[in-house]
Amino acid sequence: MKKMIQLLMVDDHPFILQAYKNTLNGFKKEEYEIITTDAVNGETGYNVIVNSPIDFDVAFLDISIPPYSEKNIESGVDLALLLREKMPKCKIFLLTMHTEKLKFKYFFDTIQPEGLVVKNDLTFEELIFAFEKVLSGETYLSETVIKMIEELKS
């Protein structure tokens with residue numbers, strides 16, 4: 001019997017959402033069935049999380065998304081904090097184009113994501129590798145994130 005993975009993906013670029021789906025569509029098909037739910041901004045992400053009848057197993061959250069100010073959702077980080085509150089077992093991937101060291105420190109201090117990825121580091125193979133690593137209980141950091149963390153320590 002296949003294990004079902006409920007995957008939430010929030011990104012304001014439909015092309016990116018489709019690329020994630022296409023890449024993960026081939027992920028260990030004999031073992032897993034991945035059910036995806038998409039959101040394209042702070043409002044749809046908030047509504048999906050708050051109204052979901054199921055708990056998500058994994059979430060891919062773009063950090064820079066259109067906000068939903070009336071619910072104080074200014075970014076994917078706010079959605080991650082909401083997920084931590086509503087679905088604490090959900091494994092969170094934060095995805096970003098940003099490379100500011102202090103932001104990475106903030107992400108680790110507040111959200112403690114299972115995955116932190118700079119989108120420029122991401123390839124199809126790397127996405128599969130990261131997904132598998134996080135599913136097995138490990139943390140995944142992309143190459144740029146690792147370099148930024150090392151620079152923060154020195």
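Two residues are said to be in contact when heavy atoms of one lie within 4.5 Å of heavy atoms of the other. With that meaning in hand, the reader can follow a walk through this structure, which is a predicted model, beginning with a single residue on the first strand. Gln6 is found in strand S1, and once its neighbours within four places in sequence are set aside, Gln6 is in contact with Ile35, Ile54, Asp55, Phe56, Asp57 and Val58. Gln6 counts as buried because its relative accessible area is 17%, and buried means under 20%.

One of these partners, Val58, leads further into the fold. Val58 lies in strand S3, and its relative accessible area is 0%, so Val58 is buried. Apart from residues within four places in sequence, Val58 is in contact with Ile5, Gln6, Leu7 and Leu8, and also with Cys90, Lys91, Phe93, Phe131 and Leu135. For Lys91 the separation can be given in two ways, since Val58 and Lys91 are 33 residues apart in sequence and 4.6 Å apart in space, C-alpha to C-alpha.

From these individual residues we can step back to the chain. Its secondary structure comes to six helices and six strands, and, read along the sequence, these elements follow the pattern β-α-β-α-β-α-β-α-β-α-β-α. The radius of gyration is 15 Å, close to the 15 Å that the globule rule gives for 154 residues, so the chain is as compact as a globular protein of that length. Along its principal axes the C-alpha trace spans about 50 × 35 × 30 Å, and 43% of the 154 residues count as buried. Among contacts between residues at least 6 apart in sequence, 69% join residues at least 24 apart.

The interior can be described through its nonpolar cores. The largest nonpolar core has 30 residues, and those with the most contacts inside it are Leu8, Leu61, Leu79, Leu83, Ile92 and Leu94. At least two residues of this core are supplied by each of the strands S1, S3 (58-62), S4 (91-96) and S5 (115-118), and likewise by each of the helices H2 (42-51), H3 (76-86), H4 (101-110) and H6 (143-153). The largest share, five residues, comes from H3. Apart from this core lies another, of 18 residues, and among them are Phe27, Val58, Phe93 and Leu95. Val58, already met as a partner of Gln6, thus belongs to this other core.

Returning to the largest core, Leu94 shows how one of its residues is surrounded. Not counting residues up to four places away in sequence, Leu94 touches Leu61, Ile63, Gly76, Ala80, Phe107, Ile111, Pro113, Gly115, Leu116 and Val117.

Ile63 also appears in the surroundings of a residue from a loop. Ser75 lies in the loop between S3 and H3, and, leaving aside neighbours within four places in sequence, Ser75 is in contact with Ile63 and Ile65. Its relative accessible area is 15%, so Ser75 is buried. Lys71 lies in the loop between S3 and H3 as well, but Lys71 is partly exposed, with a relative accessible area of 38%. The C-alpha atoms of Lys71 and Gly42, which are 29 residues apart along the chain, are separated by 8.9 Å.

The last part of the tour concerns open space. Rolling a probe the size of a water molecule over the atoms shows where empty space is left. The largest pocket has a volume of about 170 Å³, and its lining is made up of Phe15, Ile16, Ala19, Tyr20, Thr23, Lys119, Leu122, Thr123, Phe124 and Leu127. Helix H1 (14-25) and helix H5 (124-135) are the elements that give two or more residues to this lining, with the largest share, five residues, coming from H1. By class, the lining divides into seven nonpolar residues, two polar and one charged.

The second largest pocket holds about 150 Å³ of space. Lys2, Tyr20, Lys21, Leu24, Asn25, Phe27, Lys29, Tyr32, Glu33, Ile34 and Thr36 line this second pocket, and H1 and strand S2 (32-39) each supply at least two of these residues. Its lining has five nonpolar, two polar and four charged residues. Tyr20 is named in the linings of both pockets, while Phe27, which also lines the second largest pocket, is one of the residues in the core of 18.

Conventions:
Residues numbered from 1 in each chain as written. Predicted model: local features only at pLDDT ≥ 70, side-chain atom pairs only at ≥ 80, totals over all residues. Heavy atoms only, no water. 1 Å grid on protein atoms, 1.4 Å probe; cavity = no way out; pocket = protein on both sides within 12 Å on 5 of 7 lines; lining within 4 Å. Points joined across faces, edges and corners; volume = space filled by probe spheres on them. Helix = DSSP H or I, 4+ residues; strand = E, 2+ residues; numbered from the N terminus. Nonpolar A, V, L, I, M, F, W, Y, C, P; charged D, E, K, R; others polar. Core = buried A, V, L, I, M, F, W, Y, C linked by side-chain atoms within 4.5 Å. Buried < 20%, exposed > 50% of the residue type's maximum accessible area, 1.4 Å probe, protein only. Rg over C-alpha atoms; globule rule 2.2 N^0.38 Å.
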